[in-house]
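Colleague: I would like to look closely at one part of this model, and I am still learning how to read such pictures. Could you take me through it slowly, one element after another?

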Amino acid sequence: MPPRSSLDEVVEVYKKDIDRTLIRENLKLTVEERFRNAMALAQFADELRCAGRKARKREP
Amino acid sequence: MTAFDTLLVALTRHGVAFIVVGGAAAIAHGSARLTQDLDIVYERSSANLERLAAALAPFSPYLRGAAPGLPFFLDRMTLQNGLNFTLTTTLGPIDLLGEIPGGGTYTDLVHQAVEIELFGTRCVCLSLPQLIQAKRAAGRPRDLEALAELELIQEEYDNPHS
């Protein structure tokens, strides 16, 4: 087995915080469903950004 | 937001030889991470450059981040004279890559890439091992969390009942 690099160590730390249940749910979907979900999420994120901008403009 | 569906269908209907890479490829393999653009590695023959330019022409491709009004026109010659292009289109951002670190060119990548059915078409996407290798080769700090998720996805495929 090759020696672990510092990159491996960082990646292993990140793995501890990733929700495996989300991955498992995604793997149940077709590829097309994964893309449609991603596009819907991106649209939601755009709407949140837009709402945030409007809210900041209203601030005194 | 990038309209992955319309962009991918336009590319495949024009017969463009390309491979989906980056965040979109990660989505194809099950990533839950949000990506803002479509990254593709394209084949560099003259005929394919013509097809690529024609496929994107209806969507007003322009250099991302550049001042408006520059004399930029995406055609075969433009593509031939460059390699990697980060573009905006009316369908969202798209990155056209002549090669990627850790993977190489279209020709280097295509044999191990996988075919996926998507939006009524078939297109080619980096395999999960290729994607992991490319993320490792890039080694950018912002890629490390994505790399961790991709490796977990690989573990789920390898040990589906663990």
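Colleague: Which strands of chain B does helix α1 (residues 4-13) of chain B lie across, and at about what angle does the helix run to β9(B)?

Modeller: Please keep in mind that this is a predicted model. Helix α1 of chain B lies across β1 (18-21), β2 (38-42), β5, β8 and β9 of chain B, and the helix runs at about 95° to β9(B).

To place these strands, it helps to look at the sheet itself, which is an open one of seven strands in chain B, arranged in the order β3-β4-β5-β2-β1-β9-β8 with mixed pairing. Its edges are formed by β3 and β8 of chain B, each of which pairs on one side only. The mixed pairing can be followed from strand to strand: β1(B) and β9(B) run parallel and are joined by two bridges, with B:Val20 having B:Cys125 as its bridge partner in β9(B). On the other hand, β8(B) and β9(B) are antiparallel and pair over five bridges, and here B:Val114 is the residue that stands opposite B:Cys125. Elsewhere in the sheet, strand β4 (residues 85-88) of chain B runs antiparallel to strand β5 (residues 94-97) of chain B, with three bridges between them, and B:Thr86 finds its bridge partner in B:Asp95 of β5(B).

The hairpin of β8(B) and β9(B) has two residues between its strands, and in this hairpin B:Phe119 takes a positive phi near 55°. Most residues other than glycine have a negative phi, which makes a positive value worth a second look. B:Phe119 is placed in the loop between β8 (114-118) and β9 (121-125) of chain B, and the residue counts as partly exposed because 17 other C-beta atoms lie within 10 Å, between the limits of 12 or fewer for exposed and 20 or more for buried. B:Ser60 also has a positive phi, near 50°, and this residue belongs to the loop between α3 (46-56) and β3 (62-63) of chain B. B:Ser60 counts as exposed because it has 12 C-beta neighbours inside 10 Å.

From the loops we can turn to the interior. The largest nonpolar core has 54 residues, and B:Ile19, B:Val20, B:Val21, B:Ile40, B:Val41 and B:Leu126 are those with the most contacts inside it. The element that gives the most to this core is helix α7 (residues 141-158) of chain B, with six residues. If neighbours within four places in sequence are left aside, B:Ile40 touches B:Phe18, B:Ile19, B:Val20, B:Val21, B:Leu96 and B:Leu97.

Chain B also meets chain A, in a contact that takes 22 residues from chain B and 23 residues from chain A. On the side of chain B that touches chain A, α7(B) supplies the largest share, nine residues, and the residues of that side divide into 14 nonpolar, three polar and five charged.

Chain A itself has three helices and zero strands. Its C-alpha trace spans about 60 × 35 × 15 Å along the principal axes, and its radius of gyration is 19 Å, where a compact globule of 60 residues would have one near 10 Å. Of the 60 residues in chain A, 7% are buried.

Technical notes
Residues are numbered from 1 along each chain as its sequence is written. Chains are lettered from A and ligands numbered from 1 in the order in which they are written. This is a predicted model: local features need pLDDT of at least 70, side-chain atom pairs count only at pLDDT 80 or more; totals for chains, interfaces and linings use all residues. Helices (H or I, at least four residues) and strands (E, at least two) are DSSP runs, numbered from the N terminus. The radius of gyration is taken over C-alpha atoms; the globule rule is 2.2 Å times the number of residues to the power 0.38. A nonpolar core is a set of buried Ala, Val, Leu, Ile, Met, Phe, Trp, Tyr and Cys residues joined through C-beta atoms within 7 Å. Two residues are in contact if their C-beta atoms, placed from the backbone, lie within 7 Å. Two strands pair if DSSP finds at least two bridges between them. Axes are lines fitted to C-alpha atoms, for helices over the stretch in contact, and angles run from 0 to 180 degrees between N-to-C directions. Ala, Val, Leu, Ile, Met, Phe, Trp, Tyr, Cys and Pro count as nonpolar, Asp, Glu, Lys and Arg as charged, and the others, Gly among them, as polar.
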